[in-house]
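Hi,

Here is the structure I promised to pass on. Have a look at it, and then read on for what turned up.

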Amino acid sequence: MDDRIKQALIDIVGKPNFTDSLIDLVSYSYDASDHDHRPAAAAWPTRSEQVSEILVMANEHGFPVTPRGAGTGFAGSGVPVRGGLVLDMCRMIRIIDIRIPDRQVIVEPGVVYADLEKALSPYGFFFPPDPASGKVCTLGGNVATNAGGIKGAKYGVTKDYVLGLEVVLPDGRIMRTGSRCMKSSSGYDLTRLFVGSEGTLGVITQITLKINPRPTATRTALALFSTLKDAGRAVTGIMHSGVIPSVLEILDENTIRALSEHGGMDLPDVTAMILIETDGYTDTEASYQMSKVAQVLRENNATHIQEAASAQEAEKLWKARKSAGSVAARLRANNVSEDVTVPISKVPDLLTRISETVRKYDLPFVIFGHAGDGNLHPKIMYDRTDPEQVRKVQKAVYEIFKLTCDLGGTLTGEHGIGLAKAPYMHLEHDPVALDLMRSLKVLLDPNNILNPGKMNLDR
Ligand SMILES: Cc1cc2nc3c(=O)[nH]c(=O)nc-3n(C[C@H](O)[C@H](O)[C@H](O)COP(=O)(O)OP(=O)(O)OC[C@H]3O[C@@H](n4cnc5c(N)ncnc54)[C@H](O)[C@@H]3O)c2cc1C
């Protein structure tokens, strides 16, 4: 990128909102995945019009632009793999409007998930997707990856809450999608096209989200199992029982051991643990649901079931679950963290078969995840300076994706495709669907300037 282009970018966003300093560019080389590539410059736009001008320029001069939120993505979708400009959206942080009677908020994309939670709390409302990275990730990143979290089984994922968007298209046009209504059957659903598009089709500059009244009563419990199969069957049984828990999480024995040995937690030495939360608007409602869940747990050979006696005790359990990934990551210098998802009835098969598959490669691994919506996180730790370990990880990951897709599952329940899963798109999508995705990319971005190299979209 030559100095004239850099000066033109400064003219658009102002000097304090532009950088080409090495220390910044190294930071922008990464997200939370195992991929990296340094950009030539980064800019912090503060208005949609600036984004528009930058994209017009990018088409004229042929440089790539990669939108970015907080850089917490696990799939490399925010890594500027072809260099060019990183468009950091973290200075567009206004919560523009909270409309409680309409059950809606309008936000800019750089608003951090937890900041929206804080703003909604006094009204007794919440935005349910709740990714574990919520303290730092942005709502723009959540929409662009269709993020989910531990409440997915009952409350769904980001796409279930996006009512409308303002998007700057790759050619610089500013477009509004959706409506302010709770429902609409008007025209193609352009909003959904951009949710989960990982910054490849447009830059999201404003988001209208549906919000929910926050349940006021919860019950939390843990159940222990001596086999993964029993734990998996309990998950399926609970989801068929007529009760939908607000949280239904599973941890395998390696995760439990990692939390005990490296996470300072005092957990029993068992093969699998399930954590459950039920919620409602009265104690009776939440307790009734938990009693039904406990019955299913017993029927599926739970060796121990314990309800949290207090909110503090429940908080301790959720802390254990939320730190599972970061504690396991300490076992080696590098890790891959997948988010494969299967139909709920296939959870027992996926759990046991991932475990059998990865065990043969003799690398540390853990499996935990949002079992209630069929979403598991196998995480394999390794050292990327050792070619033999890299080869083993690649083989294990391929096998996990293959068996997931053979079970009728998807490569990604919440993290997106990015760079990490791009080579495996053919395992899940048929050739016609892949061709249509590539045609849409070409239609909207004929010069391939917006986040190129991702999702296997290049022709
Ligand atoms: C510890 C940890 C826990 C996590 N837990 C979860 C979890 O529970 N659930 C989950 O779903 N994910 C989880 N993640 C992954 C990650 O936090 C999510 O994918 C999140 O949605 C990314 O948000 P971000 O702001 O960091 O986006 P980034 O990583 O910066 O970007 C992600 C993608 O969105 C695009 N993008 C960002 N902003 C815009 C915009 N305004 N317009 C267009 N495209 C844009 C980028 O180009 C990129 O393709 C976790 C990550 C970590 C590190």
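A quick word on domains before anything else: their bounds here come from an automatic or database domain assignment. Also keep in mind that this is a predicted model.

With that said, the assignment splits the chain into domain 1 (3–88), domain 2 (95–213), domain 3 (217–325) and domain 4 (326–406). Between the C-alpha centres of domain 1 and domain 4 there are 32 Å.

Now the inside. The largest nonpolar core has 52 residues, and the members touching the most others are Phe225, Ile250, Ile274, Leu297, Leu350 and Ile380. Helix H14 (residues 387–406) is the top contributor, giving 7 residues. Domain 3 and domain 4 each supply at least three residues to this core. If you want one residue to click on, try Leu297: leaving aside residues up to four places away in sequence, Leu297 touches Ala223, Phe225, Ala234, Ile238, Ile274, Ile276, Ala302 and Ile305. There is also a second, separate core of 28 residues, with Phe126, Phe127, Leu165 and Met175 among them.

Back to H14, and how does it pack with H13 (residues 347–359), at what angle and with the axes how far apart? The angle is about 155° and the axes are 10 Å apart. Angles over 145 degrees count as roughly antiparallel, so H13 is roughly antiparallel to H14. The crossing of these two helices, H13 and H14, is right-handed. On the H13 side, Leu350, Arg353, Ile354, Thr357 and Val358 make the contacts, meeting Glu399, Ile400, Leu403 and Thr404 of H14. Leu350 also appears in the list of core residues above.

Cheers

Note on methods. Residues are numbered from 1 along each chain as its sequence is written. This is a predicted model: local features need pLDDT of at least 70, side-chain atom pairs count only at pLDDT 80 or more; totals for chains, interfaces and linings use all residues. Side-chain values use heavy atoms; hydrogens and water are left out. A nonpolar core is a set of buried Ala, Val, Leu, Ile, Met, Phe, Trp, Tyr and Cys residues joined through side-chain atoms within 4.5 Å. Buried means under 20% relative accessible area, exposed over 50%, partly exposed in between (1.4 Å probe, protein chains only). Helices (H or I, at least four residues) and strands (E, at least two) are DSSP runs, numbered from the N terminus. Contact means heavy atoms within 4.5 Å. Axes are lines fitted to C-alpha atoms, for helices over the stretch in contact, and angles run from 0 to 180 degrees between N-to-C directions. Angles under 35 degrees count as roughly parallel, over 145 as roughly antiparallel, 65 to 115 as roughly perpendicular and the rest as oblique. A crossing is left-handed if the near helix is turned anticlockwise from the far one by less than a right angle, and right-handed if clockwise.
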